[in-house]
Amino acid sequence: MKAIKRIGGILLDILIALVIILGIITTIISLTSNEDGIPSVFGYSPFSIQTNSMSPTLKTGDLIIVKAIDPSSLKVDDIISYYDTIDGENVIKTHRIVSIIDDSTRLYTTRGDNNDVEDNYVLTEVDIIGKYQNIRIPLLGYIIDFFKSKWGFLLFIIIPLAIIFIVQLVGLIKLIVEDNEE
């Protein structure tokens, strides 16, 4: 019986630690997000790849790190993340620069490595979020996307917090009952 209580205590401690870590990560992401909701810590931002347009370099579900940089330092073949509009909705894309037009303003043409044609949208410096830093963690993007969803928040934040609260409440009630019996 003591072994079961000890294992239960260890599991509860691990659960509490995980909830605290997730809470800290969520707080950092929330506090460091700009007005567009993009988190940035010291100029570095994590992005989840949503399509296979950059395959085999980047695959759906990869988590990548992008760094905010001076767009004038970009060159052909750099991989960048940028704002685009698809069906009236603002999205973030990550594609490779295929050409730069340096006229009165710099214009960038991009294409996904897995696409046959260039993107039909020409970028300006204002559209560019940052440059890919060759940091890619396979499949972690799926997990981050799930954490950001309503179900992920419920499953990994709300329910564990509720369990911790109930366990602590039961422990408090047991202490009160034991104290009253003495």
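## A walk through the sheet and the pockets

Let's start in the middle of things: Ile 79 has Arg 96, in strand 4, as its bridge partner. Keep in mind as you look around that the model in front of you is a predicted one. Right beside that pair, Ile 80 has its own bridge partner in strand 4, namely His 95. Both pairs belong to the link between strand 3 (79-86) and strand 4 (89-102). These two strands run antiparallel and are joined by 8 bridges. If you follow strand 3 to its end, you come to a hairpin with 2 residues between the strands, and here Asp 87 takes a positive phi near 50°.

Now carry on along strand 4. A second hairpin, this time through 3 residues, takes you from strand 4 to strand 5. The two strands are antiparallel, with 6 bridges joining them. One of the pairings to look for is Asp 102 with Arg 106, the latter being the partner in strand 5.

What lies on the other side of strand 3? There you'll find strand 6, residues 128-137, which pairs with strand 3 in the antiparallel sense over 3 bridges. Tyr 82 is a good place to see this, as its bridge partner in strand 6 is Ile 128.

Time to step back and take in the sheet. In general, the strands of a sheet are held in pairs by backbone hydrogen bonds, and the pairing can be parallel or antiparallel. Here there are 6 strands in an open sheet, in the order 1-2-6-3-4-5, and the pairing is antiparallel. Which strands sit at the edges? They are strand 1 and strand 5 (106-111), each of which pairs on one side only. Neighbouring strands don't line up exactly: on average they are turned by 50° against each other, if you ignore direction.

The strand 1 end of the sheet has a few details of its own. On the way from helix 1 to strand 1, the loop holds Phe 42. Phe 42 isn't a glycine, yet its phi is positive, near 55°. A little further on, Lys 67 lies over the face of Tyr 44, at 5.2 Å from the ring centre. As for rings meeting rings, the structure holds 0 aromatic pairs. Between strand 1 and strand 2 comes another loop, and Pro 56 has its place there. The peptide bond that joins Ser 55 to Pro 56 is cis, with omega at about 10°.

With the sheet in mind, you can turn to the open spaces. The largest pocket holds about 1200 Å³ of space. Its lining is made of 42 residues, and those nearest the centre are Pro 46, Phe 47, Ser 48, Asp 145 and Lys 148. Which parts of the chain supply at least two residues each to this lining? Among the strands, they are strand 1 (44-48), strand 2 (63-67), strand 3 and strand 4, while helix 1 (2-32), helix 2 (140-148) and helix 3 (150-181) make up the helical share. Helix 1 gives the most, with 7 residues. By character, the lining of the largest pocket divides into 23 nonpolar, 14 polar and 5 charged residues.

The second largest pocket has a volume of about 230 Å³. Two helices each supply at least two residues of its lining, helix 1 and helix 3. Once again helix 1 gives the most, here with 5 residues. The lining is made up of Ile 4, Lys 5, Gly 8, Gly 9, Leu 12, Val 167, Val 170, Gly 171 and Lys 174. Sorted by character, the lining of the second largest pocket has 4 nonpolar, 3 polar and 2 charged residues.

Definitions and conventions
Residues are numbered from 1 along each chain as its sequence is written. This is a predicted model: local features need pLDDT of at least 70, side-chain atom pairs count only at pLDDT 80 or more; totals for chains, interfaces and linings use all residues. Side-chain values use heavy atoms; hydrogens and water are left out. On a 1 Å grid over the protein atoms alone, a cavity is a set of points where a 1.4 Å probe fits but cannot get out, and a pocket is an open set with protein on both sides within 12 Å along at least five of seven lines; lining residues have an atom within 4 Å of a point. Grid points are joined across faces, edges and corners, and a volume is the space filled by probe spheres set on the points. Helices (H or I, at least four residues) and strands (E, at least two) are DSSP runs, numbered from the N terminus. Ala, Val, Leu, Ile, Met, Phe, Trp, Tyr, Cys and Pro count as nonpolar, Asp, Glu, Lys and Arg as charged, and the others, Gly among them, as polar. Two strands pair if DSSP finds at least two bridges between them. Axes are lines fitted to C-alpha atoms, for helices over the stretch in contact, and angles run from 0 to 180 degrees between N-to-C directions. Rings of Phe, Tyr and Trp (its six-membered ring) pair if their centres lie within 6.5 Å; planes under 30 degrees apart count as stacked, over 60 as edge-to-face and the rest as tilted. A charge sits over a ring if NZ of Lys or CZ of Arg is within 6 Å of the ring centre and within 35 degrees of the ring normal.
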